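Please open the structure in a viewer and keep the sequence panel visible. The tour below proceeds by selections, each followed by a description of what is found there.

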Amino acid sequence: MNEEQAILDFFGRAENLSLGLSVAEQMDELRLRMNNQVWRDLLIRMKSFVSERELPWQIELTEDRNASDRLVGLYFAARLEQEVHLRPMVEQQFLGGEWRVYFGLMWSAAPTPELLGLPPVNNLKVSLQLAGFKANESFLAWQWTAFHPRRRDFLLRYSQRPEALLDEMAAILKTMLTDHGAALALANAALQNAPHSTTVSLAQLRKNLPG
């Protein structure tokens, strides 16, 4: 009998069930707190990177739409007033019974076909697709990562070697911003100077998550 089965058998006994359920509730709360702290720690790293490189972004935490006490990611907002632009982001999504992290470039509002056809925008999209990114209506580019922030192996790594894990998470964003930052700046400049038609909100866009 393996260790996990022995634990299940122990807490499955009638006299131990109440204790087991209490422990499960406390562990769920601990997972949530650790998950939230991961995003806060990553925010600090990315703000430092943006400041050092003097990049034109403000970075904010993303809250769960259904629970404001739960953090699910980070998003980058342009410092200039610009309704339609591409914004780097990283976020976790519940898929297949567990949370998994993805990242990419999200539209701040739905672009018109004319905006999608702008050469700098199309060039950026092609470049990112060659780098392995996918695209949909909400994202010019997105990609899954190997990070599962509520899973045991992830949380144990975060507890034991937080700096190494956070460096790995930050690296995916840093690489994207380093490799494609110049093209992203050109795309957003083209979007800022182009005439705009009716758009939809970011909230509407976030309904179309990767999948």
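How many nonpolar, polar and charged residues does the lining of the second largest pocket have? Six of its residues are nonpolar, one is polar and three are charged. Please bear in mind throughout that the model is a predicted one.

**Stop 1: the second largest pocket**

Select Met27, Leu30, Arg31, Arg152 and Leu155, which lie nearest the centre of this pocket among the ten residues that line it. The volume of the second largest pocket is about 250 Å³. Helices α2 and α5 each contribute at least two residues to the lining, and α2 has the largest share, with six residues.

**Stop 2: helix α5**

Remain with α5 and select residues 152-160. Within this helix, the buried residues are Phe154, Leu155 and Tyr158. Viewed down the axis of α5, these buried residues fall within an arc of 95°, and therefore they line one face of the helix. An α-helix has 3.6 residues a turn, so residues three or four places apart point the same way. Now turn to the face of α5 that points away from the buried side: the exposed residues Arg152, Ser159 and Gln160 are carried there. Two residues of α5 thus appear at both stops: Arg152 and Leu155 lie among the residues nearest the centre of the second largest pocket, while on the helix Leu155 is one of the buried residues and Arg152 is one of the exposed residues on the face turned away from them.

**Stop 3: the largest pocket**

Next, select Pro56, Trp57, Leu184, Ala185 and Asn188. The largest pocket holds about 320 Å³ of space, and these five residues are the closest to its centre out of the 17 that line it. Two elements, α2 (17-53) and α6 (162-193), give two or more residues to this lining. Which element supplies the largest share of the lining of the largest pocket? That element is α6, with eight residues. By class, the lining of the largest pocket consists of ten nonpolar, five polar and two charged residues.

**Stop 4: an aromatic cluster**

Select Tyr102, Phe139, Trp142 and Trp144, which together form one aromatic cluster. A pair of aromatic rings is described by the distance of the centres and the angle of the planes. The count of aromatic pairs in the model comes to eight. One of them joins Tyr102 and Trp142 in an edge-to-face arrangement, with 6.5 Å from centre to centre and 85° between the planes. Because Tyr102 belongs to strand β4 (residues 98-107) and Trp142 to strand β5 (residues 139-144), this pair ties together parts that are 40 residues apart in sequence. Tyr102 and Trp142 are both buried.

Why does the pair of Tyr102 and Trp144 count as edge-to-face? The centres of the two rings are 5.7 Å apart and their planes stand at 75°, and planes over 60 degrees apart count as edge-to-face. Since Tyr102 lies in β4 and Trp144 in β5, this pair ties together parts that are 42 residues apart in sequence. Tyr102 has 0% relative accessibility and therefore counts as buried. Trp144, at 19% relative accessibility, counts as buried because the cut-off is under 20%.

**Stop 5: Gln92 and its polar contacts**

Select Gln92, which lies in strand β3 (residues 86-95). Is Gln92 buried or exposed? At 3% relative accessibility, Gln92 counts as buried. Its side chain makes a polar contact with the side chain of Asn35 at 2.9 Å. Display Trp39 as well: the side chain of Gln92 makes a polar contact with the side chain of Trp39, at 2.9 Å.

**Stop 6: Pro195**

Select Pro195 in the loop between α6 and α7 (202-205). With 71% relative accessibility, Pro195 counts as exposed. Then add Leu115 to the selection: Pro195 and Leu115 are 80 residues apart in sequence, and the distance between their C-alpha atoms is 8.5 Å.

**Final view: the whole chain**

Finally, clear the selections and show the chain in full. Its secondary structure comes to seven helices and five strands. Followed from the N terminus, the elements run α-α-β-β-β-β-α-α-β-α-α-α. The chain has 211 residues, of which 42% count as buried.

How values were computed: Residues numbered from 1 in each chain as written. Predicted model: local features only at pLDDT ≥ 70, side-chain atom pairs only at ≥ 80, totals over all residues. Heavy atoms only, no water. Phe/Tyr/Trp six-rings, centres within 6.5 Å; stacked < 30°, edge-to-face > 60°. Helix = DSSP H or I, 4+ residues; strand = E, 2+ residues; numbered from the N terminus. Buried < 20%, exposed > 50% of the residue type's maximum accessible area, 1.4 Å probe, protein only. Arc of directions from axis to C-beta. 1 Å grid on protein atoms, 1.4 Å probe; cavity = no way out; pocket = protein on both sides within 12 Å on 5 of 7 lines; lining within 4 Å. Points joined across faces, edges and corners; volume = space filled by probe spheres on them. Nonpolar A, V, L, I, M, F, W, Y, C, P; charged D, E, K, R; others polar. Polar contact = N/O pair within 3.5 Å; in protein donor to acceptor, adjacent residues only side chain to side chain.
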